[in-house]
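Here is a quick tour for anyone meeting this structure for the first time. Have a look at the picture below, then read on.

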Amino acid sequence: MGKNNKKKSSLPHEKHLLLPPHSTAATTPVVDTHTHLLTTYSWYRSKYSTGTFSDIYEFVRGLYVGRNVKAIVDVWCEPPIARIWKELADSAISPGDRATMWGGVDYWFVMGVHPHEAKHYNDEVEKTILEAMAHPRCVGWGEIGLDYHYDHSSRPIQQQIFARQLRIAVALKKPLTIHTREAEEDTERILKAEVPVDHPIHIHCFTDSPELARRLLDHFPNLHIGITGVISYSTNTNTAATVRHMVSRPEGPRFLLETDAPYMVPANIYDSLPEVKGRLPLCHTAMIPWVADFAAASGIDGWDTARIMRRANENARKVYGITIN
C-alpha cells in the first residue's frame, strides 16, 4: 500500500484524447490489428464519468474519424464473453451501418481465451467462441497462448487450453492471434506441434527475445510480429531489435501495427502533446502512427513512418484478410 501523502497525479482533460493530426496518417491509412475496444471504452468511462461519448460508437466516431483510421481488429478474450460482442459485430455487417454507426471504420474481431483466463475455459465458453467464428466480421481465433509472468492460471492448464484452442482454430482455418510472455520454450514447442507451417499467425505485442522471433519467422512463413507502443519503453529493447531483424530478412519485414488498447500508450506521443500535464489514462487506435514513428527511429535505414505503415497494412491483409476501401 502506498503512503497517503503522495501527490495525486493529474488527469489530463478529455480533449487531449482527440489527438492532433499526424502528418503521415493524413495520406497513409491507419489499421490497428489488436485493440480491446470494450475495455478501452470502459476505461474511458471510469476516468471521465461525465465524458462526451455516451457509447462505443460515439467514442470511435469522436476519436478515430478524421484521423484516417480505416480498420480495427477488436479482441474478445475474457470469459464469460460479454454478449455485446454480437451487437458490435452485427452493427458492422452492412456498409451502411459501418458508415453511420462506425463513421466508416471497418470493424473486425477475433475471439478466444487469454492465458490468464485459461482456468475458466469450458465447453460453454467454447460454444460461444464457435458461434463467433461463424460471424462474417470474425477474422481469427485469439488472443490465446502462454503467460508465465503472472501465472494467473497454472502452467499445465495454460498449455492444455492453448493446445485445445489451436487444434480447433487450425481445423476451422482461422488465423491465430498469439500471446506469449516469458514462455518462449513452451510457446515454440506447442506452436510447432499443433500448427501447420503455412498457417497465418500474429504474435501479438512481441516483447520476448529476438532469437525466438527469428526461429518462429524461419519456421512459419506466414507468421507476423505485432508491434505496440511498448517498443517506445526504455525497459524494453527486444521489440526494436526484432524490428531490425525483420527488416534485414530477404522477404522483408513481417510486422503488424497494433495498440493493444487501452494498454501501451506510446511514450513518444507526448512530444506531440506539449500541453498535456501528466499521462493519458488510456491508449486508442489513433495512436498507431506514433508506434510507427518509434519503429522508424529504431535504427532501420530506408524505412520511414509511412513505409512502415504501408507494409503493416499489406501484412494485415495477408494475415487477417483486411482490405482497405
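Let's start with a term we'll need: a polar contact is a pair of N or O atoms within 3.5 Å, and within protein one of them must be able to donate a hydrogen and the other to accept it. Keep in mind, too, that this is a predicted model.

With that in hand, go to Gln158, which sits in helix H6 (residues 155-172). A polar atom of the Gln158 side chain is 2.9 Å away from the backbone oxygen of Ser153, so the pair falls within the 3.5 Å limit. Gln158 has a relative accessible area of 1%, and it counts as buried because the cut-off is under 20%. Setting aside residues up to four places away in sequence, Gln158 touches a group of residues that includes Pro115, Ala118, Tyr148 and Asp151.

Now for the whole chain. You'll find 11 helices and 8 strands in it. The C-alpha trace spans about 50 × 50 × 45 Å along its principal axes. A compact globule with 325 residues would have a radius of gyration near 20 Å, and the chain's 19 Å agrees with that. Buried residues make up 58% of the 325 residues. Of the contacts with a separation of 6 or more, 76% join residues 24 or more positions apart. On the outside, the chain exposes about 13900 Å², with carbon and sulfur atoms supplying 51% of that area. As for charge, there are 36 positive and 37 negative ones, and their mean positions lie 3 Å apart.

Two more residues give a feel for how distant parts of the sequence meet. Thr40 belongs to helix H1 (residues 37-47) and is buried, at 0% relative accessible area. Thr40 and Tyr263 are 223 residues apart along the chain, yet their C-alpha atoms are separated by 8.3 Å. Beyond its neighbours within four places in sequence, Thr40 is in contact with several residues, among them Phe59, Ala261, Pro262 and Leu282.

Lys192, in helix H7 (residues 184-194), is partly exposed, with a relative accessible area of 33%. Its side chain makes a polar contact of 2.7 Å with the side chain of Glu188. Not counting residues up to four places away in sequence, Lys192 touches His219 and Phe220. Lys192 and Phe220 are 28 residues apart in sequence and 8.7 Å apart in space, C-alpha to C-alpha.

Last come a few backbone oddities. Most residues other than glycine have a negative phi, and most peptide bonds are trans. Here are some places that go the other way:

| Place | Backbone feature | Value |
|---|---|---|
| Gly142 to Glu143 | cis peptide bond | omega near 5° |
| Ala261 to Pro262 | cis peptide bond | omega near 15° |
| Cys205 | positive phi | about 45° |
| Met264 | positive phi | about 65° |

Where do these places lie? Glu143 is part of strand E4 (residues 138-147). Pro262 is in the loop between strand E8 (255-257) and helix H10 (288-296), and Met264 also has its place between E8 and H10. Cys205 is in the loop between strand E6 (201-203) and helix H8 (210-219).

Is each of the two positive-phi residues buried or partly exposed? Cys205 is buried, with a relative accessible area of 10%, whereas Met264 is partly exposed, at 24%.

How values were computed: Residues numbered from 1 in each chain as written. Predicted model: local features only at pLDDT ≥ 70, side-chain atom pairs only at ≥ 80, totals over all residues. Heavy atoms only, no water. Helix = DSSP H or I, 4+ residues; strand = E, 2+ residues; numbered from the N terminus. Rg over C-alpha atoms; globule rule 2.2 N^0.38 Å. Buried < 20%, exposed > 50% of the residue type's maximum accessible area, 1.4 Å probe, protein only. Contact = heavy atoms within 4.5 Å. Areas by Shrake-Rupley, 256 points an atom, 1.4 Å probe, with all protein chains shown as cover. Lys, Arg positive; Asp, Glu negative; His and termini not counted. Charge placed at Lys NZ, Arg CZ, Asp CG, Glu CD.
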